[in-house]
Amino acid sequence: MAAVFYTPRRSMRGIFFMYAYASQLFLTGVRMCEQTRLEAGGVTGAAAGKCSEGAQLDGAPHVMTTKVPPSSSALMHRVFVYGSLKRAQPNYPLMTDSNNGKAELLATATTVQKYPLVIATQHNIPFLLNLPGQGHRVHGELYRVDEKMLKYLDWFENIPTMYQRTVVELEINELEDVVDEELSPGNITEASVYSTTTYQPDWPSLPAYQSYDSNGDHGLKFVLRKDRH
């Protein structure tokens, strides 16, 4: 009778210890999974749920991880500038201001097609009219910019009202110090450019330039925004 009496108690005690051990394994797996999530930069939502499910009770916690995609700030874009944002021009400091983002000068370049580069409005602003085949092949600078700088330039160029960001084909002239293995003098590449289709009817008849200089012989000195009334 004594054996019969104590057997259930031993069984219940064994079940209790097995449950406690299993719970400890589960919590350990969850903690390891959470540490992995933090080291990977953070996995949330459904991925976090899978991670918790991955803490298997098989004697050794099994941790599932999700590869974190690169952030948008790591993405780079090529932008061709032809006007006041070039070196030695009035708005060039905006390209070097880290508060606006990152911009690296890759090369000087020339548009493959001809475009009218004109100076218009009372503030003497350079515009590249989106009229391929007219004007001249335009000289400018090719930059590699991050997502933050691209958004800043979109705001600064007042797209889509004043300018529109379109794609242009370029011939590379001279490379700068920043290495880009895809570029070499004479080859053809593509980049974004801020050209416009929202121009006044008389603008196509204005003088067209191959290269813009605010201090050029045209006498149309660029007026900074802070100086406009």
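From the N terminus on, the order of elements is α-α-β-α-β-β-β-β-α-β-β. That makes four helices and seven strands. Please keep in mind that this is a predicted model.

Some totals for the protein. There are 229 residues, and 34% of them count as buried. The accessible surface comes to about 13800 Å², with 56% of that belonging to carbon and sulfur atoms. If we take contacts between residues at least 6 apart in sequence, 74% of them join residues at least 24 apart.

Now the inside. In soluble globular proteins, nonpolar side chains tend to be buried together. Here, the largest nonpolar core has 40 residues, and F80, Y82, F127 and L153 have the most contacts inside it. At least two residues of this core come from each of β1, β2, β3, β4, β5, α4, β6 and β7.

Take F80 from that list. Which residues does F80 contact, leaving aside its neighbours within four places in sequence? Among them are A109, T111, V138, L142, V168, L170, A191 and V193. Charged E141 is also a contact of F80, and E141 will come back shortly.

Next, helix α4, which covers residues 147–156. Is this helix mostly covered or mostly open? It is mostly covered, with seven of its ten residues buried. The buried ones are E147, M149, L150, Y152, L153, D154 and F156. L153 is also one of the core residues with the most contacts. What lies over the buried residues of α4 includes the strands β1, β2, β5, β6 and β7, and also helix α3. Just after α4, N158 takes a positive phi of about 55°.

Now the charges. Side chains of opposite charge can pair when their charged atoms come close. The whole structure has ten salt bridges, and I will go through a few.

R87 forms a salt bridge with E141, where the closest N and O atoms are 3.0 Å apart. R87 sits in the loop between β1 and α3, while E141 is in strand β5, so this pair links parts of the chain 54 residues apart. R87 is partly exposed, with a relative accessible area of 33%. E141 is buried, because its relative accessible area of 6% is under the 20% cut-off.

R87 also forms a salt bridge with E176, and here the closest N and O atoms are 3.7 Å apart. E176 lies in the loop between β6 and β7, 89 residues from R87. The relative accessible area of E176 is 25%, which makes it partly exposed.

K86 is in that loop between β1 and α3 as well. What is the nearest side chain of opposite charge to K86? It is E141, at 6.1 Å, and K86 is buried yet has no salt bridge. The reason is the cut-off: a salt bridge needs the nitrogen within 4 Å of a carboxyl oxygen, so 6.1 Å does not count. Not counting residues up to four places away in sequence, K86 touches V81, Y92, H139, G140, E141, S211 and Y212.

One more pair. K102 forms a salt bridge with E104, the closest N and O atoms being 3.4 Å apart. K102 is partly exposed at 42% relative accessibility, whereas E104 counts as buried at 18%. Both belong to a network of salt bridges that links R78, K102, E104, R144, D180 and E182.

Notes
Residues numbered from 1 in each chain as written. Predicted model: local features only at pLDDT ≥ 70, side-chain atom pairs only at ≥ 80, totals over all residues. Heavy atoms only, no water. Buried < 20%, exposed > 50% of the residue type's maximum accessible area, 1.4 Å probe, protein only. Contact = heavy atoms within 4.5 Å. Areas by Shrake-Rupley, 256 points an atom, 1.4 Å probe, with all protein chains shown as cover. Core = buried A, V, L, I, M, F, W, Y, C linked by side-chain atoms within 4.5 Å. Lys, Arg positive; Asp, Glu negative; His and termini not counted.
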